[in-house]
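Let's take a relaxed walk through the charged pairs of this protein. Have the structure open while you read.

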Amino acid sequence: MQLDWWTLLLQTVNVLILLWILSHFLFRPVARIIAERQAAAQAEFQRAKDEHAKAEAERETLRKLAQETASKRADILTRAEEEAKAQKKALLEDARAQADAAREATRGELERMRDAQARALSDAAGALATDIAARLLDRLPDEARITGFIEGLADAVIDLPESTRKGIGMTGPVPIRTARDLTAQEATLLKERLAQAVGHPLDITVTADTSLLAGLELDAPKAIVRNHLRADLDRIRQELDAHE
């Protein structure tokens with residue numbers, strides 16, 4: 001048997017042409033149709049899945065809303081009940097207070113009159129004490145209004161907390177009020193004793209204030225130190241008022 005190569009070649013070409021025709025006009029369209037249907041089915045499945053998820057989310061939202069509504073309703077009812085109780089209590093207390101006020105009106109007026117008289121007597125006593133102290137000071141040497149109070153002022157400064165004491169005079173001259181103008185010797189002594197008390201040199205500015213009667217007052221930014229007769233009289237007056 002002889003093999004006809006030309007025949008084999010032509011048959012091979014025919015087969016290739018047939019395969020190309022089938023692939024181009026049959027296989028590819030069919031594959032495309034199948035792919036499109038698969039995509040459509042997948043899209044429909046995804047849409048159904050999304051709709052289901054959306055429905056579940058809406059049901060969950062409604063469930064939470066129902067729970068919140070029930071909780072808020074219970075809270076509103078509780079608050080309303082508490083408010084009603086509070087209002088009732090307030091009304092009762094107000095009624096009692098008005099009744100008590102009516103009973104105490106006369107007694108309260110008497111007490112106010114007594115307090116006013118006590119304050120008037122206290123003011124009169126304070127004025128009298130100030131007048132007596134001023135007259136007694138007039139009998140003393142003039143230097144007694146200052147010199148005898150310098151040491152006490154320095155000791156009071158020493159008793160201050162360390163941080164406060166050391167800060168005195170660090171930012172500028174220290175204001176000092178005195179019962180009268182200082183002599184040069186008194187000013188020097190005062191400056192020296194204050195410098196020893198705070199532990200460093202300082203400057204002072206002195207202002208005379210006769211209302212102090214006798215003594216001095218240091219007015220630093222973070223400390224006020226009083227050592228004068230006016231402060232003593234005020235303290236005695238406050239103690240008398242407290243014991244009334």
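## Salt bridges, pair by pair

E151 has a relative accessibility of 38%, so this residue counts as partly exposed. Keep in mind that you're looking at a predicted model. The side chain of E151 pairs up with that of R193 in a salt bridge, 3.0 Å from N to O. This one spans distant parts of the chain: E151 belongs to helix α2 (residues 147-158) and R193 to helix α4 (residues 184-198), 42 residues apart. R193 is buried, because its relative accessible area is just 15% and the cut-off for buried is under 20%.

Helix α4 has another charged residue to look at, K191. Its side chain meets that of D203 in a salt bridge, with 3.2 Å between N and O. D203 sits in the loop between α4 and β2 (204-208), and the two partners are twelve residues apart, again linking distant parts of the chain.

For a pair within one helix, turn to α5 (residues 229-242): R235 and D232 both lie there, three residues apart, or about one turn of the helix. Their closest N and O atoms are 3.0 Å apart.

Here's how accessible the residues of these last two pairs are:

| Residue | Relative accessibility | Class |
|---|---|---|
| K191 | 34% | partly exposed |
| D203 | 44% | partly exposed |
| R235 | 42% | partly exposed |
| D232 | 26% | partly exposed |

Some salt bridges also share partners, joining R177, D209, E217 and R226 into one network. And how many salt bridges does the count come to? It comes to nine.

Note on methods. Residues numbered from 1 in each chain as written. Predicted model: local features only at pLDDT ≥ 70, side-chain atom pairs only at ≥ 80, totals over all residues. Heavy atoms only, no water. Salt bridge = Lys/Arg side-chain N within 4 Å of Asp/Glu carboxyl O. Helix = DSSP H or I, 4+ residues; strand = E, 2+ residues; numbered from the N terminus. Buried < 20%, exposed > 50% of the residue type's maximum accessible area, 1.4 Å probe, protein only.
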